[in-house]
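This report is meant for a reader who has not met this structure before. Please keep the sequence and the 3D view at hand while reading.

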Amino acid sequence: MKIYNSLSREIEEFVPYDKNLVKIYTCGPTVYNFAHIGNLRCYIMEDILVRTLMYNGYNVKRVMNVTDVGHLSDDSDYGDDKMLKGAKREHKSVLEIAKFYKDAFFNDLKKLNILKPDVIENATDCISNFIHAIEILLKKGFAYHAGGNIYFDTSKLKKYHVFFNFKQEDLEIAVRDEVSQDEYKRNPNDFVLWFTKSKFDNQALKWDSPWGVGYPGWHIECSCIAMKHLGEHVDIHCGGIGNTFPHHTNEIAQSEAILGHEWCKYWMHVLHLHTKDGKMSKSKGEFLTLDVLTNKGINPCEYRFFCLQSHYRKQLVFSDEIVQNAAHSYKKLKNRILQLKDDEEVNKLDFERYKQSFIDAINDDLNTSMALTILFNLLKDQSVNNSTKLKLIEDFDKVLALDLLAPISNSKEEIQVSISSDEIKDLIKQRNIAKSNKDYKLADSIREQLLNAGIKLIDTPNGTIYEKQ
Ligand SMILES: [Zn+2]
């Protein structure tokens, strides 16, 4: 199987370090808000990678971190304490916030037929691992104390820039744009491994360390969690293209400084989801979550189908119209499949011929749009009998995971099952807070979200009650 390696910038034949087990690391979510559908595109394509490896007969171990440490959603010394902000917004403790959005995230993954990673690790459960790794970096001379923090010294590396053809000046500009100037850094690209001097008032979560009470930098989190569960070699590290610099660059710097050898051979990056106005993000424009999509009448499988129509290394443009078109062709596809009757002998030759074309497509750097074309061609092909078609569709769906053979379901019912009374009460609370902040748009969207899940809110003089429809 061939995959594009962001490190070599070439399509390469995939050869795992240990032929019996492919080790994959995925940067997980920061749990202070819902995931937007741009983030979810990335996890869908990573799921295609995992499923393709399994389809090729590999055993796979996949590890994902959950960033629940505090503000660490961007570069480690940049931005607001987003967890604390989320907690204030919703009158909860930061750990309650983390738990709530972590559950919401994995609920989204489940709805999208994304296989659960084998290991899901909270950053807050690995503080001693981070401290140990920083101690090694200090001992080996790759880190230094300054102004109360511990920094990684990028000048000690033979090579720092690994992805793309970045020039040093470009990187310095990128760093300057994102990070407020830090007078204690010896080199512009140095980054914090451990903070004791927080830039944020009331930093919510802090831990004791040999260097004082503080909290870890973001990059060290992924290096340590990967090493804890996958050992000294990772085969494929995945993430969104936005993670290449500085996050993945810094992960490589730290990990290889600790290990003294190459850490991860293949890097896979998924391109952004764009709207007409540019890159989709939490802070810009309409905040599109999976629930918002469901409100628009698009079910999770239809969104997955929309993503698979294009290659993961191409930007995907989202608009209501484009995604509605995808949903329409998904429904047509399902209807055609459901009309097929399994009443003949499977023709082995036809089966093998189509299976081979499907393998060739999916093994060619996960060419999902070609794989879908093969599926459509199969349906049109009158020389192949229905039972063979059904057997092939069942086989293709091991990778595509589009519920191709499942009866057409009512997405409302699915959601009704998945929403608990605690979640309903929680959303009512959030809506009340939104109303008291005069954020009627948010309040209405929560009401609609619940309505879509079959929960009707009734405002009474004694507060809001709900009934199931
Ligand atoms: Zn990461």
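The sections below cover one helix, one pair of helices and one loop residue.

## Helix 1

The model is predicted. Helix 1 runs over residues 37-55, and its 19 residues should span 27 Å at 1.5 Å a residue. The C-alpha atoms at its ends are 26 Å apart, which agrees with that expected span.

Of the 19 residues of helix 1, 17 are buried, so the helix is largely enclosed by the rest of the structure. Gly 57 comes just after helix 1 and takes a positive phi of about 95°.

## Helices 9 and 10

Helix 9 covers residues 300-308 and helix 10 covers residues 320-338. The two pack at an angle of about 105°, and their axes are 9 Å apart. Because angles of 65 to 115 degrees count as roughly perpendicular, helix 9 is roughly perpendicular to helix 10.

On the helix 9 side, the contact involves Cys 301, Glu 302, Tyr 303, Phe 305 and Phe 306. These meet Val 323, Ala 326, Ala 327 and Tyr 330 in helix 10. By class, the contact has 8 nonpolar residues, 1 charged residue and no polar ones.

## Asn 243

Asn 243 lies in the loop between strand 10 (234-240) and helix 7 (244-259). Is this residue buried or exposed? Asn 243 has 20 other C-beta atoms within 10 Å, so it is buried; the cut-off for that class is 20 or more.

Leaving aside residues up to four places away in sequence, Asn 243 touches Cys 27 and His 248. His 269 is 26 residues from Asn 243 along the chain, and the C-alpha atoms of the two are separated by 8.2 Å.

Definitions and conventions:
Residues are numbered from 1 along each chain as its sequence is written. This is a predicted model: local features need pLDDT of at least 70, side-chain atom pairs count only at pLDDT 80 or more; totals for chains, interfaces and linings use all residues. Helices (H or I, at least four residues) and strands (E, at least two) are DSSP runs, numbered from the N terminus. The expected span of a helix is 1.5 Å times one less than its number of residues. A residue is buried if 20 or more other C-beta atoms lie within 10 Å of its own, exposed if 12 or fewer, and partly exposed in between; C-beta atoms are placed from the backbone. Axes are lines fitted to C-alpha atoms, for helices over the stretch in contact, and angles run from 0 to 180 degrees between N-to-C directions. Angles under 35 degrees count as roughly parallel, over 145 as roughly antiparallel, 65 to 115 as roughly perpendicular and the rest as oblique. Two residues are in contact if their C-beta atoms, placed from the backbone, lie within 7 Å. Ala, Val, Leu, Ile, Met, Phe, Trp, Tyr, Cys and Pro count as nonpolar, Asp, Glu, Lys and Arg as charged, and the others, Gly among them, as polar.
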